[in-house]
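Here's a quick tour of one protein chain, from the overall build down to single residues. Keep the picture open while you read and try to find each spot as it comes up.

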Amino acid sequence: MAALQLVWYKRDLRIADHAPLAGAMAAGPVVAVYVHEPEQQYATDRDVRHERVLRDALDELKASWQARGGHFIELHGVLPAVFDALHRVLPFAAIWAHEETWNALSYARDRRVRAWAKHAGVTMHELPSNGVVRRLASRDGWAETWQRRMRSRLVPAPDRIASPDAATTTAAVTALPEDMRTSTGAHVVPPWSDWQRGGEARGHDMLLSFLSARGQDYRRAMSSPNEAPEACSRISVALAFGSLSVRHAYQAARQRARELRDDTRNRRDGDAAQWSQSLVSFASRLHWHCHFIQKLEDEPRLETTHYAPVFDGLRPAEPDMDHLRAWRDGQTGYPLVDACMRSLRVTGWLTFRMRAMVMSFASYHLWLDWRHTGPVLARWFTDYEPGIHWTQCQMQSGTTGINTIRIYNPYKQAEEHDAAGAFVRRWVPELSALSDADLVRPEHTPLIMQQMTGCVIGRDYPLPIVHHETAYAFARDRMHAIKQAAQRSGSAQQVYDRHGSRRTPLEARTR
Ligand SMILES: Cc1cc2nc3c(=O)[nH]c(=O)nc-3n(C[C@H](O)[C@H](O)[C@H](O)COP(=O)(O)OP(=O)(O)OC[C@H]3O[C@@H](n4cnc5c(N)ncnc54)[C@H](O)[C@@H]3O)c2cc1C
């Protein structure tokens, strides 16, 4: 009989389009394992909202395996110790997994597991999970590789999964130490919340409803905090936990574009043009998904260090705690910023433009280092994905050296994206009786109106924590100087050579 194959699930919690599962099944009987690692559960980028999604995804995946006759084991502990213990009671010949680009902890963990496997005589098969290329020598040609991977055939979900007989697996698991079999209760997952839920079926439903109806106006509506929750795909949670593959999303979008092209009725009424623009924007964001993660794959240190040393010391190593707290708690006196932070805490999601604005505000107006603000957002984004997150945090803080410095004006953002103030009124209810115009800069509201509406600025809602024009001018001058230093020192060119998308030359980006 063929030797046992272990399918090691990490951030790829699905049964469809899962190449390691298919590879393992071709090699012999399989058992799946997911290991809850305390170092991840207690990490500074982890929150109970992530546990909630994980629980959903694992429950569904276990049921999918069981329905197909396969065994799925959930264990707890440090790796590779858990694998070592499992291997003693249930010997396996190989581990099958996806290549994963997650945080520094998982990077170190993967190295430990590889070393253990080599020592234990267990073969490691790690297969690409998206468009991210391991040991990439150069960014030249990366986009073509991405296209090739995205267009390759999806791996179908198996109808049946062959595992050893149930008694063997059960006896092996029972023989493991108690603490590996049971949860230490690191997080008590609340039964309900406003956070997005997880699992393969939900991920596919989200994608389908976006491509069939919600996505039509995506390109126009994606930046509005009012419209984006419905108009954006909302598949980021499913992608971050691997309940949906990027390739699946990309191919479904292409299929939808083909259907629209073939549908002459749609072509006449103009819907098709709107759909087509939205689908192009969506597909390019799936490309960005991997483009950003590739940066962290190539330089894992970007999670905690600047792209280039020239940016070291730009912002204080010790944060101004009053500023940090005010930003975190939605008490800056900038209504749209405050509304975003308060809504994020409750819902776990913000659209891209608002994420960029709150990060920009923290980095430029409050002059806080992204290493103090990024972890707050990482914990609160249900879709936290380190490769996108840390590189975006650096980009919106101006520390890449190769991107245009964009200092968002929160007043202008409010006028453009929340003109009627619906979003601010919902999340900053103390301001709700002010007029639409006064909602943008409430401190300019005549005192008599403040008193009549029961919201005196400085008493019921904070005065602006910093003066916009002064903070803007300070940040602009500092960033201009440091960017020139980055160019003079050659570090901008080095960053571009390593991480630039190759679509826009460095000179055009930094003008
Ligand atoms: C400071 C900051 C931090 C961010 N942190 C994260 C994060 O931790 N996890 C995360 O998934 N996204 C992050 N983003 C990118 C983006 O805001 C989210 O991907 C998007 O809002 C998720 O919602 P959606 O699935 O409806 O996206 P849609 O607009 O429907 O896009 C579809 C998919 O494309 C990808 N995508 C969209 N925009 C971007 C982008 N700018 N860069 C890279 N990929 C993109 C995502 O995978 C997304 O799910 C961050 C952006 C900023 C400015």
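The notes below start with the whole chain and then move on to particular places in it.

Keep in mind that this is a predicted model. The chain is built from 27 helices and five strands. Its radius of gyration is 25 Å, close to the 24 Å that the globule rule gives for 511 residues, so the chain is as compact as a globular protein of that length.

**The whole chain**

- If you lay the C-alpha trace along its principal axes, the chain spans about 85 × 60 × 50 Å.
- How much of the chain is buried? Of its 511 residues, 56% count as buried.
- Take the contacts in the chain with a separation of 6 or more: 79% of them come from residues 24 or more positions apart.
- The chain exposes about 22000 Å², and carbon and sulfur atoms supply 54% of that area.
- There are 65 positive and 58 negative charges in the chain, and the mean positions of the two groups are 4 Å apart.

**The annotated stretch at the start**

- An unreviewed UniProt entry places the feature "domain: Photolyase/cryptochrome alpha/beta" at residues 3–132.
- That span, residues 3–132, is 45% helix and 22% strand. Its end C-alpha atoms lie 31 Å apart.

**Helix H4 and the proline before it**

- Which residues of helix H4 (residues 81–89) are buried? They are Val82, Phe83, Ala85, Leu86 and His87.
- Plenty of elements help to cover those buried residues of H4, including strands E1 (5–9), E2 (30–36), E3 (71–76) and E4 (94–98). Helix H5 (104–120) and helix H8 (178–181) are also among the covering elements.
- Now look at the loop between E3 and H4, where you'll find proline 80. The peptide bond from leucine 79 to proline 80 is cis, with omega near 10°.

**Aspartate 110, a charged residue under cover**

- Aspartate 110 sits in helix H5.
- Is aspartate 110 buried or exposed? Its relative accessible area is 3%, so aspartate 110 counts as buried.
- Setting aside neighbours within four places in sequence, aspartate 110 is in contact with Trp8, Lys10 and Glu100.
- Aspartate 110 and glutamate 99 are eleven residues apart along the chain, and their C-alpha atoms are separated by 9.2 Å.

**Two buried glycines in loops**

- Glycine 131 is in the loop between strand E5 (123–127) and helix H6 (142–151). With a relative accessible area of 0%, glycine 131 is buried.
- What does glycine 131 touch, leaving aside neighbours within four places in sequence? Its contacts are Trp142, Trp146, Arg149, Met150, Cys290 and Gln294.
- From C-alpha to C-alpha, glycine 131 and threonine 145 are 7.3 Å apart, with their positions 14 residues apart in sequence.
- Glycine 421 is in the loop between helix H21 (410–417) and helix H22 (422–427). Glycine 421 counts as buried, at 2% relative accessibility.
- Glycine 421 and proline 335 are 86 residues apart along the chain, yet their C-alpha atoms are separated by 9.4 Å.

**Proline 225 and its distant partners**

- Proline 225 lies in the loop between helix H10 (218–221) and helix H11 (228–231). Its relative accessibility is 8%, so proline 225 counts as buried.
- Not counting residues up to four places away in sequence, proline 225 touches Leu336, Met354, His417 and Phe423.
- How far apart in space are the C-alpha atoms of proline 225 and histidine 417? They are separated by 6.9 Å, although the two residues are 192 residues apart along the chain.

**Positive phi without glycine**

- Arginine 234 isn't a glycine, but its phi is positive, near 60°.
- You'll find arginine 234 in the loop between H11 and helix H12 (236–240). At a relative accessible area of 15%, arginine 234 is buried; the cut-off for buried is under 20%.
- Tryptophan 367 isn't a glycine either, and it has a positive phi of about 55°.
- Tryptophan 367 is in the loop between helix H18 (352–365) and helix H19 (370–380). With a relative accessible area of 11%, tryptophan 367 is buried.

How values were computed:
Residues are numbered from 1 along each chain as its sequence is written. This is a predicted model: local features need pLDDT of at least 70, side-chain atom pairs count only at pLDDT 80 or more; totals for chains, interfaces and linings use all residues. Side-chain values use heavy atoms; hydrogens and water are left out. Helices (H or I, at least four residues) and strands (E, at least two) are DSSP runs, numbered from the N terminus. The radius of gyration is taken over C-alpha atoms; the globule rule is 2.2 Å times the number of residues to the power 0.38. Buried means under 20% relative accessible area, exposed over 50%, partly exposed in between (1.4 Å probe, protein chains only). Contact means heavy atoms within 4.5 Å. Accessible areas come from the Shrake-Rupley method with a 1.4 Å probe; for residues, only the protein chains shown count as cover. Lys and Arg count as positive and Asp and Glu as negative; His and the chain ends are not counted. The place of a charge is taken as NZ of Lys, CZ of Arg, CG of Asp or CD of Glu. UniProt positions are given in the numbering used here, feature names are shortened, and annotations may be inferred rather than shown by experiment.
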